[in-house]
Amino acid sequence: MSGVDFIRTPVSLTDVNKPIFYDIKSNYVDVIPDEGILDSLNDLVSKENQASKNTIKEYSGIEKQIDGIQTKVVSELSKLDGESSNERTSSQVTYNLYKIYKENKLEIASLEKSINEEIIKITGEESTNNEINEDNNADAESSERTIESSEESTDSTENSKSIEESSDSEVKDPNTETRQLESSTDESRKARTSSSSDSTKQDNVSDDNSIKKDTRSLNKNLSDVEVKKYEKLIQLQNKLEKLSQLEGIIKEERMDHKVSEGVYSINADIVHTKGITGKDVKVAVLDLSFDLSNEKIADNIADTKSFRGGSSGLWTQQHHGGTNGLEHGTAVAEIITDVAPDADLYLYEMDTDVEFVAAVDEAIANEVDVIAMAAGWPNLPTDGTSHITKKVEEAISHGITFVVPSGNFAEKHWEGKFVDSNLNAWHEFDEYDEGMSISVSKSQVLAQQPIMVYLNWNNPLKDVTDFDLILLDPTGNIVDYSANIQKVQSDRSFESIHFVPQMEGLYAIGISYAGNQLDGDLTAANIPRDTILEVFSVNNVVEYPIAKSSVVVPADARGAIVVGAVNSQNGKTESFSSQGPTNHGKLAPDVVGPDGVTTLAYNGDLFYGTSATTPYVAGLATLMLQGNQDASPVDVLEQMKTNTVKTTTEASNDIGYGMIDASFLANKN
Ligand SMILES: [Ca+2]
Ligand SMILES: [Ca+2]
Ligand SMILES: [Ca+2]
């Protein structure tokens, strides 16, 4: 979901209303592994692996590892051959393949390195190794070679055979698995373009030929044993090359799918066969931007309008490489049409609170049935008071079903009372810890992604309390702070930091108490004990995360359908999925939807987050409203809630009433 940041209080150095006590402990506990740490851990592991590998006789260890990965791949692919194999199976298989690849990516890379080093040991030259890699990679080259040296075999079955034969002669264990991998891959790729199948064929035959060619070109005084070893290594290298190509192959496979995976998770495909497709139901999608040429949504567009006053260049929280939100909005709209292929889309671009209000007014004027907005405001309290919340409730009062995400903040949220046992006016997040760490990775620095922190608090005794928010860099220097003055009741209890980090490492968030301005008492001993403070760190996981009540505005809108996230493949609740209750005690989320799904908009990359799950639920609401447009938002929510896949008997603040399931619509008729 995209954090739309609209109320940004400027912070200036002259705005300080209290002295800064520099006594936040610089010795922060490192509980958050950052990318740098993970990288060096992986380095260590791969070095150890490599050392042990090299001692294994005749590379059988390397081969075993490659075969181990390959076995998993083959076992997945075999599912496609079964009689019950269908689009669903294929969707699951490509996902599992992707997972296998991801899980073994480092091992594959480390094996590749080991093999290369072994080859260099034998040949004494790096150039030979490079040449081989080029042979394997350059499609055009290997294609020429294929035509030259294997004119007799032009069909893929024959090619696979030739690999099997060559494997038989070279390796003790005939590589039937290799063959299966090749042919199954061809099977599953049938539907693809002819050029793709051609390249697959070329891959198949290139192994054998490149070995021979390169052995011939060695022109060295190598012993027979060394030549044998060398050939073996090249063979392993080719095997591995196939595995390292998996990611690309899988991505292409996924792009062949007509709809995103979640459609099957929620059984919407079954409902489609009953003629329920969201026909004549009007769905407004509010997002940053849309690609109107996207082939899945193009035919569904009934209306478009941009309410954006200009590009703000804001970062969306779950952005996948684009900064303009084009992919995000398009992916959301796409998923709605996956679930409700005949829905009429009203696409409205917005990225501020004012633009949001205008877009909702437009949707109301156009009498839409559903509004989906995969965005939220972590800088507003979920106590029902915000103008965003009220606007959502207004739309609902017009009979519009409003679907919003719970948020992705379960690990980026802290909420609690002010604790100051040492009476220095600095809050202690934990015993002796006055700084809540956030880990800034190198990639965040390079991407200039800001540290965005919001502090909200309530005043239950109708008091006026003044807290401030401070950010320290890894060296312990205060690099930013927000010290707005809260003096009268109308002063908003809010502080915000927006800081672009220049160095990686552990930063720390601090909260200080600046006094109770009504009493004129600025001493730490007089700190309000009933005030609840709430921190959202938009882009960084915090050291002391509180998942409870991490939902964001407008999840607090009465009657809205609030959606959490469950992984579409493993069925587990996503650890980032924001939980309820809201600050005014409303249960949230109401339901959960599937994420980790493929869209055209993200070009086959998996789409995670409550932004991905919101449109599944909006899509289901659309199906429910077909021919039934008079159903109230309450009816829709109630019916949706009672027809979930139940994992618990009672609603909970992590998954609400459970995973949505459209199948009741198919059973109704
Ligand atoms: Ca303290
Ligand atoms: Ca303040
Ligand atoms: Ca809260």
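This is a short tour of three calcium sites, one proline and one pocket.

**Before you start**

The model is predicted, so local features need pLDDT of at least 70 and side-chain atom pairs count only at pLDDT 80 or more, while totals for chains, interfaces and linings use all residues. Residues are numbered from 1 along each chain as its sequence is written, chains are lettered from A and ligands numbered from 1 in the order in which they are written, and side-chain values use heavy atoms, with hydrogens and water left out.

**Stop 1: calcium ion (ligand 1)**

Select ligand 1, then Asp420 (OD), Asn422 (OD1), Asn424 (OD1), Trp426 (O), Glu428 (OE) and Glu434 (OE), which coordinate this calcium ion at 2.3 to 2.5 Å. Donors here are N, O and S atoms within 2.8 Å of the metal (3.2 Å for Na, K and Ca); water is not among the atoms, so sites may look incomplete. Along the sequence, the donor residues follow D-x1-N-x1-N-x1-W-x1-E-x5-E. Asn424 and Glu434, 10 residues apart, are both in the loop between E8 and strand E9 (436–440). Strands (E, at least two residues) and helices (H or I, at least four) are DSSP runs, numbered from the N terminus.

Are Asn424 and Glu434 buried or exposed? Asn424 is buried at 13% relative accessible area, and Glu434 is buried at 1%. Buried means under 20% relative accessible area, exposed over 50%, and partly exposed in between (1.4 Å probe, protein chains only).

The angles among the six donor atoms run from 71 to 167°, and the site is irregular. Four donors count as tetrahedral if all angles lie between 85 and 135 degrees; four count as square planar and six as octahedral if opposite donors are over 155 degrees apart and all others between 65 and 115; anything else is irregular.

**Stop 2: calcium ion (ligand 2)**

Now select ligand 2 with Asp466 (OD), Phe467 (O), Asp468 (OD), Asn484 (O), Gln486 (OE1) and Glu495 (OE), its donors at 2.2 to 2.4 Å. This arrangement is octahedral because the six donor atoms subtend angles of 66 to 171°. Two of the donors to highlight are Phe467 in strand E11 (465–472) and Glu495 in strand E13 (494–499), 28 residues apart. Phe467 is buried, with 0% relative accessibility, and Glu495 is buried at 0% as well.

**Stop 3: calcium ion (ligand 3)**

Which protein atoms are the donors of ligand 3? Select Glu415 (OE), Glu534 (OE), Ser549 (O and OG) and Asn583 (OD1), lying 2.1 to 2.4 Å from the calcium ion. Their spacing along the chain is E-x118-E-x14-S-x33-N. Glu415 sits in strand E8 (413–417), and Asn583, 168 residues away along the chain, sits in the loop between strand E16 (561–567) and strand E17 (591–595). Asn583 is partly exposed, at 32% relative accessible area.

**Stop 4: Pro450**

Go to Pro450, in the loop between helix H16 (442–446) and E10. This proline is buried, with a relative accessible area of 3%. Draw a distance to Val538: the two C-alpha atoms are 9.0 Å apart, though the residues are 88 apart along the chain.

**Stop 5: the second largest pocket**

Finish by selecting Pro381, Asp383, Trp457, Asn458 and Asn459, the closest to the pocket's centre of its 31 lining residues. On a 1 Å grid over the protein atoms alone, a pocket is an open set of points with protein on both sides within 12 Å along at least five of seven lines, and lining residues have an atom within 4 Å of a point. Strand E15 (532–537) is one of the elements giving two or more residues to the lining, and its three residues are the largest share.

Note on methods:
1 Å grid on protein atoms, 1.4 Å probe; cavity = no way out; pocket = protein on both sides within 12 Å on 5 of 7 lines; lining within 4 Å.
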